[in-house]
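Me: Please take a close look at the cysteines of this structure. Where is there a disulfide, and how is it placed in the chain?

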Amino acid sequence: MRRLIEKWFPVVEASVEASRERGGPNILPPIYFLHVYWTRKPLIPSRIASYLAVLPEIEINDEIRKQLLYHMGIKGDPLKVIGKRFDYSIAERQNPTPLSKFNINVDDIEIKPVKILTGADFMAGGGSIPFEMIRVGYEKVIAGEYNPVAFTILKASLEYPVKYGEKLVVDVEKYGKKLIKKLKEEVKEYYPPHPIGGQPDGYIWVKTVKCTHCGREIPILMSKWLDRERGYALYPEVKGNNIELHVVKVKKISSRKKGNTTIDLVEVTDGPFKGVQFETEGNQARGAVKCMGCGYVLKPEKVKEQYKIFIEEREAQEYKGVHPHKMVAVVMGGGKNRKYYEPTPEMIEAYKKAEEDLKNQWDELVAKELVPIQQIPVGEKTKEPMLKGIQHFYQLFNARQLLVHAKLVELIKETYNEILNEELRKGKSREEAEDYAKAIIAYLTLMLGKIINYNSTLTSWNRPRGVIRGTFDSHAYAWTWDYGEFDMLSSNASAEWALRNSIKALRGIVKRLKDSNSQVEVVYGDAEETTQKYKDLDVIFIDPPYYGAVQHGELSDYFYVWFRLILKDIYPEAYQFLEVPKSEEAVYNEVRWKKLAEKRYEDKIKRIFKNMRDALADDGLLLIWFAHKAGEAWIKTVKALLDAGYSISAMWSVRSEMERSLHIAGKAALRTSILFVCRKRQGEGAWLPDVMRDFDEKILERIEELESYGLFGPDLVMGAQAEALRIVSEGWPVKDPSGERTPEQILDEALNRAVGIVINHTLKKVAPHIGDVDAPTKFYVLAYSLGYGDIIDYDDARRIALALGTTEGDPVEEIVIKHNIGKFQKVDVEGKRTKAVKLYNAFERDEKSLKEDLMINILHRAIRALEDGESIDKVATILAKGGHYICEVAKALYEVLPEETKNKNLQKEKLRLKDILVGICNVGLHEIAIEKMEEAKEQKRLDEFIKVRKK
């Protein structure tokens, strides 16, 4: 029986809600902030897919659509509020109707689940998909992971909340508070209060280097701002052989631009430096550092070398957690009450004491396994710290951080025994007591992860907001020249904050899963192997890693080495190795696998797909989120699926970053996730003429059906390609009777043909009068009409160009590059450099490129003339070169350009087009200019005729 997801998916509604749930840090779903993880699919699209995968295929009308959305938790109509204020709650916060209670009756049509199913995600990562399967009410949900950190997150966000519910929240808070109280007692000597009264929230450090010219210690500043919002900065004063940084209150006088950076001129408003003016520009650029004393510039290589030597020399003296750094400020009070002060001598001494204590206790801490001593593996994302001489994980922290984190590890380990004994006293069996103790410790360990993410020397100070920016604010071990440090006695930025944050996340998760009756199974292991343990699964739904988009293993090592100190006996199956296992990781990593990286990744994914097919029931569905937008990777994934024995019955695109207008500008395709819906293919092989019979009619029929659901632009392109894949995949591998084309070439031709049908259909609807204009102009209009904007993946650009009738050579070269309406450029897509096409807007064109009388060139010349202040008559004369259809082209382009975009030149292009349409086209000035131009031509011909006759 075909399922509803193979016919219909509320693309726009899912995209709107995906955007809403990610609308800001304060409204993120609780599963997102339980612990950092680098890739999580939006929850609502995953929920919708999980629902539609178990409902039978039916005809969709407006009433059925409304009821379906309501049951899924969308309690309003997203289509009616785009660009306005929402009058209903974010769908993620609404628990959906569980499948066991789901029933819709409309016009004597009853809709209910095919059956209550088993759902599995063997590459579950941060857990979005299985989380929503549980909320939807699948009878059994299996979540598998090869990454131990992700495995721990899955236990904490899926299994334990369903198993223990509200009791878990109460006890994690109880044991967490006891633990933090003990921690504060043990470390209070390292965090003295400020003389003004009260405990600092945190400390700001800057790294330093020695000037090789004048010998001064140079603080390395990205900017002299401390906090733009509250008006605090660092003022450097050169005093003899020293450079002293003073915390000063300032007001902004003026600003100037330097490249992409804004540099402010500020004036000190009080204190001993009142009236002093200085610019906020830092003294570091691309790794080079300028001395604030003598002006000498140290090259990046020299800065790295000094950092390396400093660590080596200090470690030779048996100090650990050493960095050439300087505490420059303390922050007091959170939120809008925050103020900044210079560190007191007592604070400097307290840190030095922590350094000495760590030195004296180091061997004991190592022996008791309270600090991680593993080497940092060489990898794609680990190189920056390693270039500065940081070779071990403990070196990513300062001495006080290491000492405090070690105390925290010790207290968490002690807490396990405390919980175990308390549960045994309550009469629980040994097995029950151990399992519950494991659950509590999992959350306390994740709390530790939250602390070390915001309390390392790789954090940075967020100057606009006055808070610490986490270590993994980017998907790398990114180097920073300043960093923030928690004060562990504070209640705002400390272990206490991390516990509150963890409890808030857990409470939200429990609330969402409290009525679940799902049986939840979290499995550790490589997806290629774990799939072999299962048969007859109803739905397998995965979000696999794609090429080198995110190096999960490398990034997770940072947390793993700390977690292992606590969890190696609690989850021995996951924490037996010294670092995150990576030998079977499905990822493209050139550092690890060199030239074999691509083939190794593709072979691995194919084997996983094949094993999943064996685990799937004959009428089961495989759903795959595909987030890689490089055309080559897209085709390779399709072929891997087909070769693994699947047919593709549908594809849907979901945008998790919506604009107010659904005409998304620039990089729209690069922000789209694709959902593949696959079945086991029953047949094996077919002849090309049989497969392609009625191909065009089927594609067009599907396009019109998708339009009736409100889909347009990139979603229509996706739908047409999905239908082409469905047709071809059912007969895979398709054989050409002539033997001229391989199955892969047939696949590519089918996709090209489907896109061509969409383009012809779109041109007839969006701009019927420009069907006969030049191909470059049509390309430009279609790029925006189809939602690609000014950056188009090369493969997509090639298909558009082919559809416009160019068959010689490279079609993009022929239509775009030769006519200077765009250029080739490389873009980063999911961790790989890929070829793309950048279209020029009117203000990016050079004069030479505008000389050819293409419609788009004429429009761009007119737009620029208008912007330069030329008269309406002059602009009308320029437009006249385009003939009577020029205004139709202008109107078509105006309608497809985005309503809102950050590209100011594109904004101007749309505004000037509006001026042309209103001020010239609507009053027919271009027609007058055309008549004058034709009269002038006629007069010229007459003059030449008379001249010839006279001779």
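Reply: The following goes through the cysteines one after another. The model is predicted, with local features needing pLDDT of at least 70 and side-chain atom pairs counting only at pLDDT 80 or more, while totals for chains, interfaces and linings use all residues. Residues are numbered from 1 along each chain as its sequence is written, and side-chain values use heavy atoms, leaving out hydrogens and water.

A disulfide is a covalent bond between the sulfur atoms of two cysteines. Here, a disulfide is taken to be a pair of cysteine sulfur atoms within 2.5 Å. By this rule there is one disulfide. The bond joins C887 to C921, with 1.9 Å from S to S. C887 belongs to helix α29 (residues 886–896) and C921 to helix α30 (residues 904–921), so the pair links distant parts of the chain, 34 residues apart. Helices here are DSSP runs of H or I with at least four residues, numbered from the N terminus. The torsion about the S-S bond of C887 and C921 is about -80°, and the disulfide is therefore left-handed.

Next comes burial. A residue is buried if its relative accessible area is under 20%, exposed if over 50%, and partly exposed in between (1.4 Å probe, protein chains only). C887 has a relative accessibility of 12%, so C887 counts as buried. C921 is buried too, with a relative accessible area of 12%.

C211, by contrast, is in no disulfide: the nearest cysteine sulfur, that of C294, is 3.6 Å away. C211 counts as buried because its relative accessibility is 3%. C678 is also buried, at a relative accessible area of 0%.

Key:
Helix = DSSP H or I, 4+ residues; strand = E, 2+ residues; numbered from the N terminus.
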